[in-house]
Amino acid sequence: MASSIPLTSITLPGHRAPAAGFEAPFEMLGVCHERVERMLTLLARLQQHVLVRGWDESVASAARDVMRYFDLAAPLHHEDEELHVFPPLLAGDDAVLRRVVQRLQQDHRDMEAAWVAARTALASVTQAPPPGWAHFSAPEEATLSGFTRLYDRHLRDEDGLVYPAAQTRLSADALRAMSADMMRRRGLETG
């Protein structure tokens, strides 16, 4: 029997993450992956909490945290990869690596589409649901779980294969440009 884990035991992503700055862009991408994993864990705990206890204010708070992350940070992270990580691998001569990167690019499009439906389900619990509401519907549960599953192989392939391969292909100048662009797109320009 699954036990309910209090949602209050999870904090907003990034608050306990290892220190990494944009001057080390691949370390920052790795920290982003840790945040994604924490948000997906929070989403799973939210689903379990709703199933066991129903709606309460901690559900609303967790839903808003997940929505904020996948609305704001995740698209920037995907853009970092599309602009800086994937191009040198697509231009390389490793056909297997090119196919993996092309699948990861498709994953990004699939994640974006899946997020629309997952966000709708989460938005429905950011405030007290209507009387009689007991839990997410079966289609909403499937949508939320499917969204989480999209990330599983994706993160493993990026961390284990794509990031290391891209790092070996980027010069120090390219890494500095990557860092500057990541900061600029987040409004963190250095003076």
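Helix H4 contains a kink of about 45 degrees, centred on Glu158. The model in which this kink appears is a predicted one. Despite the kink, the ends of H4 can be compared with a simple expectation: at 1.5 Å a residue, the 32 residues of H4 should span 46 Å, and the end C-alpha atoms are 45 Å apart, which agrees.

A bend is also found in helix H2, which turns by about 35 degrees at Glu82. Helix H2 covers residues 57-90. For its 34 residues, a rise of 1.5 Å a residue gives an expected span of 50 Å, and the 46 Å between the end C-alpha atoms agrees with this.

**The chain as a whole**

The chain has five helices and zero strands. Read along the sequence, its pattern is therefore written α-α-α-α-α. Of the 191 residues in the chain, 43% are buried.

**How the helices pack**

Two packed helices are described by the angle between their axes and the distance between the axes. The table gives these values for three pairs.

| Pair | Angle between axes | Distance between axes |
|---|---|---|
| H3 and H4 | roughly 150 degrees | within 9 Å |
| H2 and H3 | about 165 degrees | 11 Å |
| H2 and H5 | about 150 degrees | 11 Å |

How are H3 and H4 oriented to each other, roughly parallel or roughly antiparallel? Helix H3 comprises residues 95-123 and helix H4 residues 138-169, and their axes cross at roughly 150 degrees. Because this angle is over 145 degrees, H3 is roughly antiparallel to H4. The crossing of H3 and H4 is left-handed. The residues in the contact of H3 with H4 comprise 18 nonpolar, three polar and eight charged ones.

Helix H2 takes part in the other two pairs of the table. With H3, the angle of packing is about 165 degrees, and H2 and H3 are therefore roughly antiparallel to each other. The crossing in which H2 passes H3 is left-handed. With H5, the angle is about 150 degrees, which makes H2 roughly antiparallel to H5. Here, however, H2 passes its partner H5 in a right-handed crossing.

**Three buried residues**

An α-helix has 3.6 residues a turn, so residues three or four places apart point the same way. The residues described below lie in helices, and each is considered with a partner from elsewhere in the sequence.

Is Val36 buried or exposed? Val36 belongs to helix H1, residues 25-53. Its relative accessibility is 2%, and Val36 therefore counts as buried, the limit being under 20%. Val36 and Tyr69 are 33 residues apart along the chain, while their C-alpha atoms are separated by 8.1 Å.

Leu89 lies in helix H2, the helix that bends at Glu82. With a relative accessible area of 1%, Leu89 is buried. In sequence Leu89 is 80 residues apart from Arg169, yet in space the two are 7.9 Å apart, C-alpha to C-alpha.

Met182 is placed in helix H5, which covers residues 172-185. Because its relative accessibility is 0%, Met182 counts as buried. What separates the C-alpha atoms of Met182 and Glu23, 159 residues apart along the chain? The separation between these C-alpha atoms of Met182 and Glu23 is 9.7 Å.

How values were computed:
Residues are numbered from 1 along each chain as its sequence is written. This is a predicted model: local features need pLDDT of at least 70, side-chain atom pairs count only at pLDDT 80 or more; totals for chains, interfaces and linings use all residues. Side-chain values use heavy atoms; hydrogens and water are left out. Axes are lines fitted to C-alpha atoms, for helices over the stretch in contact, and angles run from 0 to 180 degrees between N-to-C directions. Helices (H or I, at least four residues) and strands (E, at least two) are DSSP runs, numbered from the N terminus. Angles under 35 degrees count as roughly parallel, over 145 as roughly antiparallel, 65 to 115 as roughly perpendicular and the rest as oblique. A crossing is left-handed if the near helix is turned anticlockwise from the far one by less than a right angle, and right-handed if clockwise. Ala, Val, Leu, Ile, Met, Phe, Trp, Tyr, Cys and Pro count as nonpolar, Asp, Glu, Lys and Arg as charged, and the others, Gly among them, as polar. The expected span of a helix is 1.5 Å times one less than its number of residues. The bend at a residue is the angle between axes fitted to the seven residues ending there and the seven starting there. Buried means under 20% relative accessible area, exposed over 50%, partly exposed in between (1.4 Å probe, protein chains only).
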